[in-house]
Amino acid sequence: MLILRGLSGQAVMYGEIFSADTTENCLLFGHAGMQDARLAEHPGEILIEPDGEYRESEPDSAWMSFRARGGRVTLLSIFCDTERFKFIVTQGTAIAGARRLLGSPHAWIHLDTPLTAFFEKALHTGMTQHWAMVHADLTAELKALAAILGAEWVEI
């Protein structure tokens, strides 16, 4: 997230893939917790709610609820295998609209790559479930940074 924020100056969303729709070639992307309010499609409609995941063990905890605004996005996952770090990058478009999920901040992202190919390459390269998303095209900058750092470059 820090890398994307530094390269773009934009708000960055932390997330994971909640579900996928192969018909629309879209991912439901997001994560429970607090996110940067500048990501919201409609900032005035952001809700702060009791955290559904930790309501019983941490009754004072809370999370935000909103849908991220539309626009071109870059998703980045940095993963370290046994030999070196990998920069795994994909591009798409966050689709604007009404919430698709209760609770967690989320985005509905139409990937440039067909979902089947995306998941096959992601599984073969090895990675975690977590990603960072930014409303910017940072592919060139991330590729250059990966080269400087000696990280493996994986574009999906």
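User: In this predicted model, does N25 count as buried or exposed?
Analyst: N25 sits in the loop between strand 1 (12-21) and strand 2. Buried means under 20% relative accessible area. The relative accessibility of N25 is 14%, so N25 counts as buried.

User: What is the phi of N25?
Analyst: N25 is not a glycine. Its phi is nevertheless positive, at about 55°.

User: What is the relative accessible area of C26, and in which strand does C26 lie?
Analyst: C26 is buried, with a relative accessible area of 3%. The element that holds C26 is strand 2.

User: Which residues does C26 touch, not counting those up to four places away in sequence?
Analyst: S57 is 31 residues from C26 along the chain, and the two C-alpha atoms are separated by 34 Å. S57 is not in the contact list of C26. With residues up to four places away left out, C26 touches S19, A20, D21, W108, I109, H110 and L115.

User: Which residues touch the most other members of the largest nonpolar core?
Analyst: This core has 25 residues. At least two of them come from each of strand 2 (26-30), strand 5 (71-80), strand 6 (85-94), strand 7 (106-111), helix 2 (115-125) and strand 8 (130-134). Apart from it lies another core, of 12 residues, including L76 and V89. In the largest core, the members that touch the most others are M13, F29, F66, L75, I109 and M133.

User: With which residues is M13 in contact, leaving aside neighbours within four places in sequence?
Analyst: M13 is among the core members that touch the most others. F29, F66 and M133, also in that group, are among its contacts. The full list is M1, F29, Q35, L39, F66, A68, P105, H106, W131, A132 and M133.

User: In what order do the elements of the protein chain run?
Analyst: The secondary structure comes to 3 helices and 9 strands. From the N terminus on, the order is α-β-β-β-β-β-β-β-α-β-α-β.

User: What is the radius of gyration of the protein chain, and why does it count as compact as a globular protein of that length?
Analyst: The globule rule gives 15 Å for 156 residues. The chain comes close to that value, so it is as compact as a globular protein of that length. Its radius of gyration is 16 Å.

User: How far apart are the mean positions of the positive and negative charges?
Analyst: The protein chain has 12 positive and 20 negative charges. Their mean positions are separated by 6 Å.

Note on methods
Residues numbered from 1 in each chain as written. Predicted model: local features only at pLDDT ≥ 70, side-chain atom pairs only at ≥ 80, totals over all residues. Heavy atoms only, no water. Core = buried A, V, L, I, M, F, W, Y, C linked by side-chain atoms within 4.5 Å. Buried < 20%, exposed > 50% of the residue type's maximum accessible area, 1.4 Å probe, protein only. Helix = DSSP H or I, 4+ residues; strand = E, 2+ residues; numbered from the N terminus. Contact = heavy atoms within 4.5 Å. Rg over C-alpha atoms; globule rule 2.2 N^0.38 Å. Lys, Arg positive; Asp, Glu negative; His and termini not counted. Charge placed at Lys NZ, Arg CZ, Asp CG, Glu CD.
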